[in-house]
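Hi,

Here is the structure I promised to pass on. Have a look first, and my notes follow underneath.

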Amino acid sequence: MSAPPLPAPAASAVDFSALRMKGLTLAIAAFLVLGLAVPLALMVVKSLQDARGNFVGLANYALYFSSAAPLESIANTLVIGVVSTIVTIPLAFLYAYGIHRSCMPFKRLFRGIALIPLLTPSLLFALSLVQLFGNQGILKDLLFGHSIYGPIGIVIGMTFAHFPHTFIVISTALGLADRRHFEAAESLGTSRLRVFLTLTLPAAKYGLISASIVSFMLSITDFGIPKVIGGKYQVLATDIYKQVIGQQNFEMGSVVSVLLLAAAAITFLFTRLVQKRQVAMMSGRAVPYEPAPRRAFDTVMFLACAAIALCIVGVLAVAVASSFIKFWPYNLGLTLKHYNFDLAAGGGWQAYRNSLTLATCTAVAGTAIVFLGAYLVEKSRDLPRVRQVIQALAVTPMAVPGLVLGLAYIFFFNKPGNPLGLLYGSMTILVLVTIIHYYSVTHFTMLTALKQVDPISRRFRFAAGAPVPHALAGDGPAHDDRHPGRFGLLLRPR
Amino acid sequence: MQAGIRRFATSGFVRSLLACLALVVSPAALAATELTVYTAYENDDLKAYKAAFEKANPDITINWVRDSTGVVTAKLIAEKENPRADVVWGLAVTSLLVLEDMDLLAPYAPKGVEKLSPKFRDPANPPKWLGNSGWICAIIFNEAEAKKKNAPKPVTWKDLANPAYKGQVVMSHPASSGTGFMYVSAWLQLYGEAEGWKFMDALHQNVARYMHSGSAPAAVAAKGEYLIGLGFDVRGSRLKEEGAPIDVIMPKDGLGWDMNAMAIIKGTKKAEAARRLMDWGVTEEANRLYGSTRAIAAIPGFAKPLAHLDKNMDERIMKQDFAWAAKNRARILAEWEKRYGSKADPTKK
């Protein structure tokens, strides 16, 4: 790659690709409409019907709000969402900052530890917290007489469970920085604090806001943690469970789900506002940031990250250890009997194998689909309306508890006469629903990465035939020499 | 550009994606007759039941779909426009009554149905559902914690209102779990509505949490998180087998209970095989199997007493009007939520 390509051939290649881009855009939109929008719409319609399917307008909403309990649930849900976000984001930022901007040792190990919670169901943390801080807990005195059963336990559990999601998004934002900006700032004698406030934070803005939204939405929709450790603290997610599973009252369950969807709508409008003000941070000529050793700073970052990592490992270790104990806390002998999966509730080893198949297929298909969606939303210029639909639907699954999505799938895919009904009960529909369920966080991560990279350089790389993942990772050939102004723009605080 | 797309399309990434799709789209293999049976029975029960039935009916295979009572019930109702189950075997009768009310069950009187205790039969003829076995309300009392706290042992339900147990009782949330509702409906039938609510008002002062699961209160009481869990007999017996320092108390003032029952789903395309499963489900052989892990079976005398528990449960269980409970469920739950649902930390009152 010695000389930049001439504008003429590049332009014709772009024209040619426009058709394909349009086709792909429509395909992703169709995927999200069929896999998400239509099933959810059926769920929303339920909230306007009675148990026999007659239209009753807003009667269910009126009934729901006729007692004091819902207002309490809504207030509690918001408190949990806000507090756990306020706790999680600075921790995740600190951790990602240590990994990307310091020279502390064991960075790979730290990164690995941060991602472990992704491999566990969120309620595992709640179970560990009960063992540690419950009425029989070893560390219960640390709570000074407060009970772990309630908001304290929920927030701690959510912080652990949602740490990796927020870490990934923030890490993506911090990982893509241009060394030249920092060198320029240094040569101008800018103070560290000023560099942090005017260069680091603005560059990570989209990542931080995305991570906050992810944390907030995951917190208000998570059901496992409040169920195990919530005590009498009611939240909307447990209200949905009570309605749908406890009383099979789908109409009321839909009413509560619509409240969560309203939260998603607000989130969507908010991201659109933020998006308009974001400028790419990585030009085609960017030089990856390499932190220089600074002893005191590196030590502090190491200690902070080590403390966080120890907490994660410690809480997980409690769960692992208790899986080998005969009957905690009365018989502390060791045993493997809890690993006799065929006796456990669920499907035994067959279920374990199915889970692995599901996970593999979801990882392969999901990554491809979500990447394509994020790429088109961020980088394509065709079909703006359709891309808006994709963006709106991409952030919606965060607001939909798995239980609600599953129920919506029954209503849609089991409808008599739906040709897609042949998927019902198959592994395919499980893969589909899982991709949709986890769509938002993945989408936000990819979007954050794409936003850091200069649009012009990306377009050229794609057009020049670099495989898409390479173009994203930024290790393809750089062709963009045409935007010297971008560099100066970055140093201006916004 | 074309080259780029082509390279992308033939990359290992896309190829593995296609391989995955091929793997998951493959049609379900069809055996001679495969019955889809929805159940909330526990896993170890399922193995024995399936093996015994298929041995007697080699041309039929059971394909279980198992989940908790609430999930199975919700699934059956959500699928009502296009039912996927052929038979339900092992679901609470209180759930089956809801399905019956929606006209989702097909009536059938199997051979030998008259041997079942009348309590275990739908009074209609032909019956729409038939009972298999039952589970009974029980107090799971942690003796190790009681010793530490010097707490007395309850003998009746009303003992649970003793202020000595403040913040020490856990039970299932009646709006979340059929087990929780089983308790509430039993107390209301046992004492009458006015006195029943008065008792629950007092009990509420002692309840630490209403849990969103039927089996959790017994489990946490067995682990000493709380002194008393309101659970059921089978779970208590198993926890004691595992070494929990508990006593499983069957209160003297009356024993509420619920029933595992079976029914054919209306509109099944495998009606013949479904009927044969019903036929087998009421045999003595089946009842012996039910009775091997439950304190009461549909044919009187076929249940073995559970380890560590009282005997003669056939006689001691209260006369329970399941139809009344099903019909009044919404009203009872609304009243319950009004009294105990919101601002629910009685320990602070």
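**Where to be careful, and what I found**

Before anything else, a caution about the start of chain B: over residues 1–6 of chain B the pLDDT stays under 50, and the model has 11 contacts beyond four places in sequence for that stretch. Residues 20–31 of chain B also stay under 50 in pLDDT, again with 11 contacts beyond four places in sequence. This is a predicted model, so please read those two stretches with that in mind. For chain B as a whole, the mean pLDDT is 88, and 89% of its residues reach 70 or more. The model scores ipTM 0.83 and pTM 0.84.

**The two chains in outline**

Chain A has 21 helices and two strands, whereas chain B has 15 helices and 11 strands. Of the 494 residues in chain A, 46% are buried; for the 349 residues of chain B the figure is 47%. Take the contacts in chain A between residues at least 6 apart in sequence: 81% of them join residues at least 24 apart. In chain B, residues 24 or more positions apart account for 74% of the contacts with a separation of 6 or more.

**Chain A**

What sits in the largest nonpolar core? That core has 124 residues, and A:Ala92, A:Ala96, A:Ile170, A:Val214, A:Met217, A:Ile229 and A:Ala408 are the ones with the most contacts inside it. Helix 6 of chain A (residues 151–175) gives the most to this core, with 13 residues. If you want one residue to click on, try A:Ile229. Leaving out residues up to four places away in sequence, A:Ile229 touches A:Ala126, A:Leu129, A:Val130, A:Ile148, A:Tyr149, A:Gly153, A:Ile154 and A:Gly157. There is also a second, separate core of 104 residues, which includes B:Trp129, B:Leu227, B:Leu230 and B:Ala303.

Two more residues of chain A are worth a look. A:Val364 lies in helix 14 (residues 348–379) of chain A, and A:Val364 counts as buried because it has 20 C-beta neighbours inside 10 Å. Its C-alpha is 10.0 Å from that of A:Ile435, with the two positions 71 residues apart in sequence numbering. A:Thr198 belongs to helix 8 (residues 192–203) of chain A. Is A:Thr198 buried or exposed? Neither, quite: A:Thr198 has 18 C-beta neighbours inside 10 Å, so it counts as partly exposed. A:Thr198 and A:Leu129 are 69 residues apart in sequence, and 39 Å apart in space from C-alpha to C-alpha.

As for the strands of chain A, strand 1 (residues 325–327) and strand 2 (residues 331–334) pair in the antiparallel sense over two bridges. A hairpin through three residues joins strand 1 of chain A to strand 2 of chain A, and A:Phe327 stands opposite A:Asn331 in strand 2 of chain A.

**Chain B**

Chain B is divided into domain 1 (33–134 + 258–307) and domain 2 (136–256 + 326–348). Taken over C-alpha atoms, 28 Å separate the centres of domain 1 of chain B and domain 2 of chain B. The contact between them takes 14 residues from domain 1 of chain B and 10 residues from domain 2 of chain B. Which elements give two or more residues to the side of domain 1 of chain B that touches domain 2 of chain B? They are helix 4 (69–78) and helix 5 (93–101) of chain B, and helix 5 of chain B provides the largest share, four residues. By class, that side of domain 1 of chain B has six nonpolar, six polar and two charged residues.

Finally, have a look at strand 6 (residues 169–172) of chain B. In a regular strand the side chains alternate between the two faces of the sheet. Here B:Val169 and B:Met171 point one way from strand 6 of chain B, B:Val170 and B:Ser172 point the other way, and all are buried. Strand 6 of chain B runs parallel to strand 7 (residues 207–211) of chain B, and four bridges join them; B:Met171 has B:Tyr210 as its bridge partner in strand 7 of chain B. Strand 6 of chain B also pairs in the parallel sense with strand 8 (residues 228–232) of chain B, over two bridges, and B:Val169 stands opposite B:Ile228 there.

Cheers

Conventions:
Residues numbered from 1 in each chain as written. Chains lettered and ligands numbered in written order. Predicted model: local features only at pLDDT ≥ 70, side-chain atom pairs only at ≥ 80, totals over all residues. Domains from an automatic or database assignment. Contact = placed C-beta atoms within 7 Å. Nonpolar A, V, L, I, M, F, W, Y, C, P; charged D, E, K, R; others polar. Buried ≥ 20, exposed ≤ 12 C-beta atoms within 10 Å, placed from the backbone. Pairing = 2+ DSSP bridges. Core = buried A, V, L, I, M, F, W, Y, C linked by C-beta atoms within 7 Å. pLDDT = per-residue confidence, 0-100.
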